[in-house]
Amino acid sequence: MLFSVSLEDLILTKKVSTLLLLALGLPSQKFYPLISGSDAKTAKVSALDALLCKPGSLEPKNVKGTILVYLHGVTGRVEKGQQAALAGAVGMILANDFKSGNDITADCHLLTASHVNFTDGKSIFDYLNSTKTPMVYMTQAKTEVEVKPAPIIAVFSSRGPNIIEPGILKPDITAPGVNTVAAFSKANGPTDEKFDKRRILFNSQSGTSMSCPHVAGIVVLSLGSRRVIVARRVKNVGPPGTYKASVRTPPGVSIYVKPSSLQFSKIGEKKNFEIVLKAKVAGKPKDYVFGQ
């Protein structure tokens, strides 16, 4: 099976100088050689190209059976994993550079993988440079709570201040939008790469599209009893067909969709619809309610 996880904990044992990583996919407690991309390069490329895991930069005889450590940047994260897998690596560790800092992204990699922040990545490279025969094993990931700093603004999101009046605090509203698990179309693989033939029902993605539903809900609540119309556009990614709206309305709110159904005749066709919301009772609700 193929997994991708975010790594937060690093434990360096003093007795055997072994780096323990929290991850998924490989047999627990089984050690593998740990190697830096720069030490696995082919004769015709620079150490930096191999450290960035550029296409054709890795020597298979140096990589086969190892867990490869490489640096974030220049090429895509999944593409780096593809190069590691093609060279024969059994796992990989993507270490952030200084610019990427604490930004951790869960990707559907092609082999067992861990993405670590800049500080943890530096510890890994220090271990590689100070140990004659570095070894590593990966164990099942675990969920951690009360991790600080949290929450933090994503690197791709606006932090402010307001460019017109710096005294105005921005952003007005923030919402979860990183590593969000949601339903996913079978029209493409989870990485959107042509070589990815996998098909899954759910995927972890990041971006404004992931945070939009949360912000939309906040706006609706802030508008109170006023009528709200949310305009949306959808693109058909499946076969031709008719899609009907199904709404489970929470207490105290009127919700309907215009039009109530959309008919698509081909893949890639785009159509618009509106969601109309109106509070039935003025004032603040007594409790939170949810709809679908």
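In this predicted model, the side chains of strand β7 alternate between two directions: Thr-112, Ser-114 and Val-116 point one way, while Ala-113 and His-115 point the other way. Both sets are buried. The strand, which spans residues 112-116, is thus a mostly covered element, with five of its five residues buried. As for its pairing, β7 runs parallel to β6, and five bridges join the two strands. One of the residue pairs to look for on screen is Leu-94 with His-115, the latter being the bridge partner in β7.

Leu-94 also leads into the nonpolar interior, where it belongs to a core of 15 residues that also includes Ile-35, Leu-68 and Leu-111. This core lies apart from the largest one, which has 17 residues. Within the largest core, the residues with the most contacts are Leu-34, Ile-67, Val-69, Ile-93, Ile-124, Phe-125 and Leu-128. Two or more residues each are given to it by β4 (32-36), β5 (67-71), β6 (91-95), α4 (118-130) and β8 (135-139). Helix α4 supplies the largest share, with four residues.

A further buried position is found in a loop. Thr-191 sits between β9 (180-183) and β10 (202-205). Its relative accessible area is 14%, and because the cut-off for buried is under 20%, Thr-191 counts as buried. Leaving aside residues up to four places away in sequence, Thr-191 touches Val-78, Cys-108, Asp-196 and Arg-198.

Cysteines deserve a short look of their own. Cys-53 has 0% relative accessibility and is therefore classed as buried. Cys-212, in contrast, has a relative accessible area of 31%; this value falls between the 20% and 50% cut-offs, so Cys-212 is partly exposed. With a sulfur-to-sulfur limit of 2.5 Å as the criterion, the number of disulfides comes to zero.

Finally, some totals help to place these details in the whole chain. The secondary structure comprises five helices and 15 strands. The protein chain has 292 residues, of which 34% count as buried. Taking contacts between residues at least 6 apart in sequence, 58% join residues at least 24 apart. The accessible surface of the protein chain is about 18400 Å², and carbon and sulfur atoms account for 57% of this area.

Notes:
Residues numbered from 1 in each chain as written. Predicted model: local features only at pLDDT ≥ 70, side-chain atom pairs only at ≥ 80, totals over all residues. Heavy atoms only, no water. Buried < 20%, exposed > 50% of the residue type's maximum accessible area, 1.4 Å probe, protein only. Core = buried A, V, L, I, M, F, W, Y, C linked by side-chain atoms within 4.5 Å. Pairing = 2+ DSSP bridges. Contact = heavy atoms within 4.5 Å. Areas by Shrake-Rupley, 256 points an atom, 1.4 Å probe, with all protein chains shown as cover.
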